[in-house]
Amino acid sequence: MIGRPVGRSIGSMAARPGAGGRVRFNVGGQAFETTTTTLANAGRDSMLGALLDASWNVPCASAGGEDAAAEYFIDRNPACFAVLLDLLRTGSLHVPPHLPEKLLYREALYYGLLDHVRAARWGTFDGDRLRLASSVPGRAPGDGTAVRAAPDGGCCVAHGGAVHVYNWMLDERRPVSLDHSQVNDVAYLDASTLLIAARERLGKCDGGMAAFSAVSGDLRHRFRVQHDRQAKSFTAGALAFDRDSRIFASCKGRLNEYGIGVWDSATGEQADFFYEPPGCALGDADRLQWLDATNALMVATLFPKTDNCSIGLLDFRDKSVAWSWSDAGTAASLEEKRVLHAIAMEDERSVCVINQYDDLGFLDLRSNPGAVRWSSRSKLMNRKAPGEESCYPKLATHGGQLFSSMNDSISVFSGPEHVLTSTLRRSYGGAICDFSIGGDRLFALHNEENVFDVWETPPPPII
């Protein structure tokens, strides 16, 4: 609780130079004194910043005369208040060893200073400056399906028929359970909404795609697919979004109704369906990615889901395949190199792929598809321990950098020539089965110890 000020309001004091803009707090019995300038650093949306608003305060007579500072009583933790007040004064966060960070986060939430703490806790994402910040043990048995970063720095982990959700403080929220339906993919529509794609069980009208609250785990909306104006059950696979908040999902129906479904995220209604053309396995797609500049959807169907890997760009304006590549008919000397993951580079000029040997390859999107330009430099970094279980490599891009998981590590490539500049590795947990970047964090999910790591960029030093 916060008590009424003893003395005039902060808003009226700030207008009187004689008052000096000083403010006193009694927090849990401990006295603090600061200035209105320091409190202004909290922002008007915070509780402390609101004290500067004359309309929020009720002026009253000062017990100590015209030059006395206003005093407020707050019945909260004084040790945390000291840390937060120092953060407002200096812009840096110094947490004493004896003070639990989650207690500090709770108090920061009360004062409306969580964004300040987060900004001081870690800096803008930079793959070459990442440091291991935390490792979180899993709550479910078996290998994880996927890890996804939330826009606010939290994440979720899919295991079997459940999705375990964590806020940015890495506290686990109520999980989402699909009642034994297998989760195929999961994505954040926004910080508070999860989209989950699930496999339809034989003889059951489940599966498909639904939106859930990332906070409570409650079902918000189930997305439907219609063919010939009839609702049909389906298995949803890979997920993606575009800049207009359209939702894309690879779909497999019971009667060969394969293709890419499109929904309006605002209404939840189906907006379009791109039926699978001959020789193009859209319904089995492993990865979808919207390309803003190209105004097309990249669809990748990869090994081992299919023997012949294919990548295409779909133009929904005229329902055409604008660009495509397949390894069908590849020369015998290259047959052993199977594409396991693919991602369009941020400049949308090429697609990066990776094979089972951790070799990186590139396909030019500006010309007719040709052979993959393979680079074996990553092969030199393959440090798989004898007897260690392997996971298929994954790719990601962020801020002009390329990231590639390789067994128990993640490699960071920078610059136009994609030169290896950093390697992220920890000492236990086994191979990395998935990783995700978002909210200025990198999350890496390990398969053996059922644990995920959190990598953060330290904030720049304050000079």
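**Helix packing and enclosed spaces in a predicted model**

Let me begin with helix 4 and helix 6, the latter covering residues 114–121, which pack at an angle of about 70° with their axes 11 Å apart. I should say at once that what we are looking at is a predicted model. Since angles from 65 to 115 degrees count as roughly perpendicular, helix 4 and helix 6 are therefore described as roughly perpendicular to each other, and their crossing is left-handed. If you look at where they touch, you will find Leu84, Leu87 and Leu88 on the side of helix 4, meeting His116, Val117 and Ala120 from helix 6. Sorted by class, that contact of helix 4 with helix 6 comprises 5 nonpolar residues and 1 polar residue, with no charged ones.

Now let us stay with helix 4, residues 78–90, and turn to helix 5, residues 101–111, where the two axes come within 10 Å and cross at roughly 70°. Helix 4 and helix 5 are therefore roughly perpendicular to each other as well, but here the crossing is right-handed. Helix 4 brings Cys80, Phe81, Val83 and Leu84 to this contact, while helix 5 brings Leu103, Leu104, Glu107, Ala108 and Tyr111. By class, there are 8 nonpolar residues and 1 charged residue in the contact of helix 4 with helix 5, and no polar ones. Please note Leu84 in particular, which takes part in the contact with helix 5 and also in the contact with helix 6.

From the helices I would like to move to the spaces in the model, beginning with the cavities, of which there are 3 of 30 Å³ or more. The second largest cavity holds about 40 Å³ of space, and its lining consists of Asp408, Ile410, Leu424, Arg425, Arg426, Ile432, Ala444, His446, Asp453 and Trp455. Strand 30 (419–425), strand 32 (441–446) and strand 33 (451–456) each supply at least two residues of that lining. In terms of class, the lining of this cavity has 5 nonpolar, 1 polar and 4 charged residues.

Finally, there is the second largest pocket, with about 410 Å³ of space. It is lined by 19 residues, and those closest to its centre are Asp347, Ser350, Phe362, Pro416 and His418. Two or more residues of the lining come from strand 25 (360–364), and likewise from strand 28 (401–406). The lining of this second largest pocket divides into 5 nonpolar, 6 polar and 8 charged residues.

How values were computed:
Residues numbered from 1 in each chain as written. Predicted model: local features only at pLDDT ≥ 70, side-chain atom pairs only at ≥ 80, totals over all residues. Heavy atoms only, no water. Axes fitted to C-alpha atoms, helices over the stretch in contact; angles between N-to-C directions. Helix = DSSP H or I, 4+ residues; strand = E, 2+ residues; numbered from the N terminus. Parallel < 35°, antiparallel > 145°, perpendicular 65-115°, else oblique. Left-handed = near helix turned anticlockwise from the far one by under 90°. Contact = heavy atoms within 4.5 Å. Nonpolar A, V, L, I, M, F, W, Y, C, P; charged D, E, K, R; others polar. 1 Å grid on protein atoms, 1.4 Å probe; cavity = no way out; pocket = protein on both sides within 12 Å on 5 of 7 lines; lining within 4 Å. Points joined across faces, edges and corners; volume = space filled by probe spheres on them.
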